[in-house]
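Work through the two exercises below with the structure open beside you. Try each task before reading its solution.

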Number of protein chains: 2
Amino acid sequence: MAHTYSIGIDIGGTNTDMGLVRDDGTIIARSNIPTNAYIELQPYIRDMMACIEKMMKDMEVSEIEGIGIGAPNGNFYTGCVDNAPNLTIKGVLNFEKEIHQYMNVPVVLSNDANAAAYGEMVYGGAKGLRHFIMFTLGTGVGSGIVIDGKLIHGSTGAAGELGHSILIPNGRKCSCGRYGCLETYTSARGIVQTYFELKGTPISSDIDSKAIGDLANQGDPIALKTWEVVADQLGMAMANSVNFSAPEAIFLMGGPTKVGEPLLKPLQKAFEKYLLNIFAGSCTIRMSQLKANEVAILGAAALIKMKI
Amino acid sequence: MAHTYSIGIDIGGTNTDMGLVRDDGTIIARSNIPTNAYIELQPYIRDMMACIEKMMKDMEVSEIEGIGIGAPNGNFYTGCVDNAPNLTIKGVLNFEKEIHQYMNVPVVLSNDANAAAYGEMVYGGAKGLRHFIMFTLGTGVGSGIVIDGKLIHGSTGAAGELGHSILIPNGRKCSCGRYGCLETYTSARGIVQTYFELKGTPISSDIDSKAIGDLANQGDPIALKTWEVVADQLGMAMANSVNFSAPEAIFLMGGPTKVGEPLLKPLQKAFEKYLLNIFAGSCTIRMSQLKANEVAILGAAALIKMKI
């Protein structure tokens with residue numbers, strides 16, 4: 001049977017990664033351009049489209065189902081990126097319209113965590129699931145929510161910001177200006193802060209969340225305690241999210257999750273402790289089944305499945 | 001044009017209220033039986049059906065679109081009430097099956113807060129809205145969530161339990177066995193507890209949340225402060241819920257909301273304070289537009305619209 005193809009684009013502040021994705025979830029070609037070399041949308045799109053055309057030509061793919069884009073502040077409803085603070089190209093950027101100057105295919109935008117959730121459903125461990133939530137841990141904490149097989153965008157297109165739900169009232173100051181957001185505790189930076197709080201010394205840039213993971217796996221008691229605290233906080237946030245949509249599974253991905261056992265074992269315990277009894281046994285915590293260096297492109301490419 | 005009709009049933013621990021509802025949201029006949037007089041399902045359903053048949057006969061309605069039931073632990077997917085702790089009839093009760101012994105019409109069950117949300121959409125202030133959340137304050141705190149015009153039931157049928165999301169870690173002990181649930185702060189009992197905590201005296205049964213409302217409207221400073229605290233807690237929970245589904249509106253109903261200004265003014269302020277900036281201006285707090293003594297029956301009757 002003939003394969004179909006789509007393009008997935010992951011727009012980061014520094015790099016823009018593009019991939020030509022076969023319907024079985026294989027990325028058959030990749031390309032990239034430096035996002036921060038551009039201050040205007042038109043030349044950026046022009047160079048992006050040149051990469052896409054080259055990938056298609058090289059791989060002898062004459063037709064694609066569409067272009068999916070995961071981008072900070074990517075808006076599903078408008079096809080625009082709305083004033084993303086970490087992009088050098090400023091303003092409301094109409095990607096869909098600009099891309100249509102070159103190629104008349106469906107264009108779908110969403111934020112990166114939403115794309116990751118959808119990618120997990122189309123190509124990863126959430127195949128066949130109808131209700132799940134994805135938490136992504138990294139610089140920030142993102143989330144994507146699938147209910148009844150549909151990615152939730154809400155009335156504005158920006159639904160699924162569980163990283164900014166307040167976990168601890170009057171807690172740590174968040175980059176969003178408020179206090180106590182989940183992100184301030186379970187992002188890479190939040191984890192580092194907890195480690196130094198437990199250690200009782202000022203935060204040092206010598207150590208990052210990966211190093212705290214390594215220390216924990218070597219048996220360092222402060223590092224192990226750090227992951228227990230993080231697990232308790234994340235487990236509470238996950239249990240709270242179950243009250244909303246009663247998912248079958250909660251997926252987890254991102255750099256800090258690579259620590260493994262020191263996080264995952266206490267996380268399971270915390271989740272069960274905080275879960276409302278009527279949901280006991282109905283929802284499991286699972287790790288993303290997509291490769292870290294593929295999830296952004298696969299997630300973006302998967303978004304196209306919503307339009308076709 | 002000819003009207004259509006449906007039956008709405010509100011099952012409480014003490015009473016079962018039934019109504020014959022016209023498609024314009026008018027309850028044209030009502031009836032009730034004492035829930036706690038029954039310990040078996042069959043006689044309860046038999047008497048319920050007798051009431052329904054009498055209402056239809058009295059009003060000369062020969063046909064109904066279906067029977068909607070709002071019940072504690074009412075499960076949308078199975079048509080059963082699952083082990084509701086406050087009912088004298090114990091076990092998993094298959095309402096749909098039993099009712100079909102008498103009448104071959106669609107039967108839909110859901111919990112009362114879900115029914116209230118759906119009733120608001122079909123007959124009340126949420127007509128035409130696609131994304132909203134209903135919070136019901138009373139003995140407990142319930143919620144119903146509508147996304148893209150659909151009531152969210154999740155994978156188990158029990159989605160929408162925001163009253164049991166943990167608002168304050170290690171906070172007040174909740175009837176569910178956990179600590180710090182929203183319900184422990186903004187239910188009628190939670191409000192009374194806050195009042196006595198602020199007053200610095202033991203909780204007395206002489207005063208209920210209604211009395212604290214009256215005191216606040218008379219200018220009593222401790223009562224006013226109580227509603228400010230409750231508003232802050234509820235506003236935070238509402239703002240957190242916006243992160244999930246980016247609704248256009250959050251509705252509020254139930255006894256304690258009748259206090260008016262002393263709750264609603266600080267609630268608006270707290271909601272804005274806790275709302276993530278990307279949602280600013282996208283979501284408004286509104287009061288339910290259904291009458292307190294009609295919402296349960298109208299909500300239950302509205303559920304039928306999901307099956308036809």
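The exercises treat the pairing of two chains and the packing of two helices.

This is a predicted model, in which local features need pLDDT of at least 70 and side-chain atom pairs count only at pLDDT 80 or more, while totals for chains, interfaces and linings use all residues. Residues are numbered from 1 along each chain as its sequence is written, and chains are lettered from A in the order in which they are written.

**Exercise 1.** Find how chain A is related to chain B, and which elements of chain A touch chain B.

*Solution.*
1. Superpose chain A on chain B by least squares on the C-alpha atoms of residues with pLDDT of at least 70 in both. A rotation of 180 degrees with 0.0 Å of shift along its axis does this, at an RMSD of 0.0 Å. The two copies are thus related as by a two-fold rotation axis.
2. List the contacts (C-beta atoms, placed from the backbone, within 7 Å). In chain A, 34 residues are in contact with 34 residues of chain B.
3. Assign them to elements, which are DSSP runs (helices H or I, at least four residues; strands E, at least two), numbered from the N terminus. β10 (141–147) and α7 (221–245) of chain A each give two or more residues, and α7(A) gives the most, with 5 residues.
4. Compare the two sides: 100% of the interface residues of chain A are also interface residues in chain B, so the copies meet through the same surface.

**Exercise 2.** Describe how α5 (188–199) and α7 (221–245) of chain B pack.

*Solution.*
1. Fit axes as lines to C-alpha atoms over the stretch in contact, and take the angle, from 0 to 180 degrees, between N-to-C directions. The angle is about 125 degrees, and the axes are 9 Å apart.
2. Classify the angle: under 35 degrees is roughly parallel, over 145 roughly antiparallel, 65 to 115 roughly perpendicular and the rest oblique. α5(B) and α7(B) are therefore oblique to each other.
3. Name the residues in contact: they include Ile191(B) and Leu198(B) of α5(B), and Val229(B) and Val230(B) of α7(B).
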